[in-house]
Each structure stands twice: as structure tokens, then as C-alpha cells.
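Biologist: I am new to this structure and would like a close look at a single part of it. Please take one strand, go through it slowly, and then place it in the chain.

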Amino acid sequence: LRRIVTCGVLMLSMASVGQTQQSELRLQLKAQEHQTLSLNGSLQLTISIENVGDSPVTLYNKLLRGHAGGVILRVTDDAGKEVVPGGLDDDLVPPPEASASANERFVTLYPDHIWGRTERVLVSELVKKPGVYHLTCTYISPLPKSLGHGPNFWSRERPALESNQLDFTVQ
């Protein structure tokens, strides 16, 4: 599913085990299209996670969509009511491959580094009728701490990251 642009950010603090350092991640949602879209059009979304803290954070390297772990897109109408999407937003997030090295399964974000993906979403997958809508996304790690690796691993047990809001109108 694709969403439109209006930025708002929640920064989450994390304390490393045995340390008082704080690391902060920011989930950002951006769209390249204009804020007015056609119901039969599409939207190119960029979903990114930025380390805005002062120490490295490690993430699982599959940034997919799904309630089992990953990115969840949410659309609300102008009244704040959640819009049920036309398709199920649930990619199967594969577990780390045993044969892959840790460098292939995880990505470490150093301070001021960004990691993400771009995808095209059909407007009709997001909404079914014209109106004013708001798009946000949430990131939940698909892996528990026990399967993690690297410095300050962002596991499923950590709080979800919430993105900024993108506002768009469908005609």
C-alpha cells in the first residue's frame, strides 16, 4: 500500500545493555507524487529508518510489510476513522537464513545513517472512494532479541516506531 506525504516523527530512546548511551531511530514516510491523486493512480513511497542518535543500532535487513513484523501502512480518513485496505498488508518476513553470515542478515545504522526502501502502491489498494486521507506507517522488528546480532539490536521486544503523516486527496 502507498501513502502520501506529511511528516511527523516519533523518536524512541534506547539504552544499551550496561550503558547509558542513547540511540534514537526515526521512521520516515515520503511520497514523490503530488498530494492530489486519482483513484486509479499509484503512489511511490519511500520508507526509511534513520539513526538520529549517538550510537549504532542494528536491524534485521528485510524491510517488508506485514503485521508479523515489518512495516504496516495505515490510512485514516479526514474524520480520523481507519480505512480498511483492499489487500492484506502482510508480506511473509523470512527468518534469517542459517547459511547467511551476520553481515548478510543484519544492517547496522551508525549515527546519521539512513536505511530504507521505495515501492509503488496503487491508490485503489489504499482507499476505495474519493476523499481526504492520511497515511502513516509503523515498524516492528520481525525478530526477537534471541535471534538478533550486532550492537544495540532493535528487536521485536522494543517499542514500535511510528512515522510522520502524509496527507493526500483522492479525486
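Modeller: What follows is a walk along strand E12 and its neighbours, with some remarks on the chain and on two loop residues. The model is predicted, and every value below was computed from it.

First, the setting. The protein chain has two helices and 12 strands. In sequence order these elements follow the pattern β-β-β-β-β-β-β-α-β-β-α-β-β-β. Of the chain's 171 residues, 42% count as buried.

Now the strand itself. E12 covers residues 166-170. Its side chains alternate: Leu-166, Phe-168 and Val-170 point to one face and are buried. Asp-167 and Thr-169 point to the other face and are not buried. Such alternation between the two faces of the sheet is what a regular strand shows in general.

Next, the partners. E12 pairs with strand E3, residues 36-37, in the parallel sense, over two bridges. Within that pairing, Thr-36 has Thr-169 of E12 as its bridge partner. Thr-169 is also one of the E12 residues whose side chains are not buried. Strand E10, residues 131-140, is joined to E12 as well, by five bridges, and these two strands run antiparallel. Here Gly-131 has Val-170 of E12 as its bridge partner. Val-170, in turn, belongs to the buried face of E12.

Just ahead of the strand is a loop. Ser-163 lies in it, between strand E11 (161-162) and E12. Is Ser-163 buried or exposed? Its relative accessibility is 10%, so Ser-163 counts as buried, the cut-off being under 20%. The side chain of Ser-163 reaches the backbone nitrogen of Cys-137 at 2.8 Å. Residue 137 falls within the range of E10, residues 131-140, the strand that is joined to E12 by five bridges.

A second loop gives a contrast. Asp-54 lies between strand E4 (42-51) and strand E5 (57-60). At 53% relative accessibility, Asp-54 counts as exposed, because the cut-off for that is over 50%. Asp-54 and Pro-111 are 57 residues apart in sequence, yet their C-alpha atoms are 5.5 Å apart in space.

Last, the chain as a whole. Among contacts between residues at least 6 apart in sequence, 78% join residues at least 24 apart. The chain exposes about 8,500 Å², and carbon and sulfur atoms supply 51% of that area.

Definitions and conventions:
Residues numbered from 1 in each chain as written. Predicted model: local features only at pLDDT ≥ 70, side-chain atom pairs only at ≥ 80, totals over all residues. Heavy atoms only, no water. Helix = DSSP H or I, 4+ residues; strand = E, 2+ residues; numbered from the N terminus. Buried < 20%, exposed > 50% of the residue type's maximum accessible area, 1.4 Å probe, protein only. Polar contact = N/O pair within 3.5 Å; in protein donor to acceptor, adjacent residues only side chain to side chain. Contact = heavy atoms within 4.5 Å. Areas by Shrake-Rupley, 256 points an atom, 1.4 Å probe, with all protein chains shown as cover. Pairing = 2+ DSSP bridges.
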